[in-house]
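Trainee: Please pick one part of this model and take me through it closely. I would like the geometry and the contacts in one connected account, with the rest of the chain kept brief.

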Amino acid sequence: MTSSPERRWSIRARVLTGMMLLVGLALLVAGTASFAVQRHELNERLDESLTRTVKEFKVLTETGVDPRTMERFKHAEDLLYIAMQRTLPSPKQGMLALVGNKVRWTAPDIVNTRLEDDPEFLEWARTVQDANHIRLGTVDTDITTYRAVVVPVSLPADHEHGAFVLAYDYSAEAIANDRNFMIYAAVGGSVMLVAALAAWLVVGRMLDPIRRLQTTAQQISETDVSQRIEVSGNDEFAELTVTVNEMLDRLEGALSSQRQLLDDVGHELRTPVTIINGHLELMDPSDPEDVGQSRDIAMDELGRMSLLINDLVTLAKSNRMDFLQVEPTEVGKLLDDILDKARGLGPRQWRVDYRTEATVSLDPVRTTQAMLQLCANAVKFSAEGSRIGLGNEIVRDGQGNTTLRWWVSDAGVGIQAEDLERIFERFGRGQNSVRSSGSGLGLNIVQAIAETHGGRVWVNSEHGKGSTFYIDMPLSTGSKEA
């Protein structure tokens, strides 16, 4: 007995984990991309603002006049003073003016970003102001990170050099951007939690048929396969449930048939074994006549047992794919061959009632076997010299279906109405039959041959007047009449 494998992760948990990983990865990629875009836009906005201020300062330097003298600026200190008066810093922006290496002018008190209070930033500004070109860059200090621009100022009439310094508190500006990302992350996490709860419920509902299937499978035992799964919905799981229920129907039928077969075979074999055993126990070994009689009885019962076993083997083979060897067959000629073989079954008036000339796809060997079995039954239950008719014809119904019909008719004792259904069962016999007349599987074999051809076997009979057995075989599209 094999033990069931240890279950570490349920399907529900694995599906949910996969979905959450996929959603989380999508949110992460989207959030990261959004964060990068917003950070890039922030950098561009700050640089654009600083660049615009530098351009305005250049215009002032080139075209501006000192309001006190109404002439062009001669001193860097005056130019820087007017420039700072005309510049309105944003809430996170600061500015100052350097003359030489000293801070000469600072932003109004209402400006929160105080550049003059950060020694590291002042040292960087003094260092870069000596260059003869504008310097735009990022400055990291212990206080914060700045995005700053330093514009050197040098006037021909002034021996002192100055610099206009304008800077954004980059860390403070980035906080707003980071806050948006944190809000996005919080909302995304909340969405994932809600999605996880919804997915847990939805996946659980979707897998409910699987759980019912598992419960039903656990309840099914070798002796009880009557449990069925309740079908709900109309999706793929409902189709799976219907398929499993149909499989259980077939399994229950097969097990029931198997049990019935074992019971019937045991019953059928028990009788000849009992007969043989009883005669051998009562046999007088010293009496040659008694020995001969016991031998004949034993051989007769063993022959019947052999017939039973052969018929059981034939029925077992009927479930195999290679039971039929279908080929195009001329059914008129096949009927003549069957008639020739049937004449040896007994002295009867053998006749062909009707013969159709057509080529049909069927197994000629199995068809012959079925027809000869019906002929043997006709001989068994009819008087010597009575008429037995064989025939075949193509029958068309009103729905466009075409069937090849075979039949064997006799003028024998007939079948009582209450026996018409039972005679096709395994080991089924009518009231006119006797135990020693056969295995009780003949008509069951005929039925198996008819069903493997996709058809059926049936009978019309009137007690005391005879019977006609029919085998109907649906025709394939490749069949044709001659």
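Mentor: An angle between elements is taken between N-to-C directions, with axes fitted as lines to C-alpha atoms and, for a helix, over the stretch in contact. On that basis, helix α4 (residues 170-206) runs at about 25 degrees to β7 and lies across β6 and β7. Bear in mind that this is a predicted model.

The part to look at is the sheet under that helix, and strand β6 within it. The sheet is open and has five strands in the order β4-β3-β7-β6-β5, with antiparallel pairing. At its edges are β4 (102-106) and β5 (135-140), each of which pairs on one side only. From one strand to the next the twist averages 30 degrees. Helix α1 (residues 11-63) also packs on the sheet, where it touches β3, β5, β6 (145-153) and β7. The direction of α1 makes about 15 degrees with that of β6.

Now follow the pairing across the sheet. Strands β3 (residues 93-99) and β7 (residues 162-169) are antiparallel and share seven bridges; in this pair, Gly94 has Ala167 of β7 as its bridge partner. On to the next pair: β7 and β6 are joined in the antiparallel sense by eight bridges, and Pro152 stands opposite Ala163 in β7. Six bridges then hold β5 and β6 together, again antiparallel. The connection between β5 and β6 is a hairpin of four residues.

β6 itself is largely enclosed by the rest of the structure, because eight of its nine residues are buried. Arg147 is found in this strand. Its relative accessibility is 18%, and since the cut-off for buried is under 20%, Arg147 counts as buried. Thr138 stands opposite Arg147, and the side chains of these two residues make a polar contact of 2.7 Å.

The wider surroundings of Arg147, leaving aside neighbours within four places in sequence, can be listed by element. Its contacts include Leu46, Asp47 and Leu50, whose numbers fall within the range of helix α1, residues 11-63. Leu136, Gly137 and Thr138 are also in contact with Arg147; they belong to the range of edge strand β5, 135-140. Leu166, Ala167 and Tyr168 are further contacts, and these sit in the range of β7, residues 162-169. The list also holds Tyr170, a position at the start of α4, residues 170-206. Ala167 thus appears twice in this account: as the bridge partner of Gly94 and as a contact of Arg147.

Helix α4 deserves one more remark. UniProt, in an unreviewed entry, places a "transmembrane region" at residues 181-203. In the model this span is 100% helix and 0% strand, and its end C-alpha atoms lie 31 Å apart.

Elsewhere in the chain, strand β9 (residues 349-354) runs parallel to strand β11 (residues 387-396) and is joined to it by five bridges. β11 is also joined by nine bridges to strand β12 (residues 402-410), in the antiparallel sense. These last two form a hairpin with five residues between them, and Gly400 in the turn has a positive phi of about 85 degrees.

For scale, the protein has ten helices and 15 strands, and 39% of its 482 residues count as buried.

Notes
Residues numbered from 1 in each chain as written. Predicted model: local features only at pLDDT ≥ 70, side-chain atom pairs only at ≥ 80, totals over all residues. Heavy atoms only, no water. UniProt positions renumbered as here; feature names shortened; annotations may be inferred. Pairing = 2+ DSSP bridges. Axes fitted to C-alpha atoms, helices over the stretch in contact; angles between N-to-C directions. Contact = heavy atoms within 4.5 Å. Buried < 20%, exposed > 50% of the residue type's maximum accessible area, 1.4 Å probe, protein only. Polar contact = N/O pair within 3.5 Å; in protein donor to acceptor, adjacent residues only side chain to side chain.
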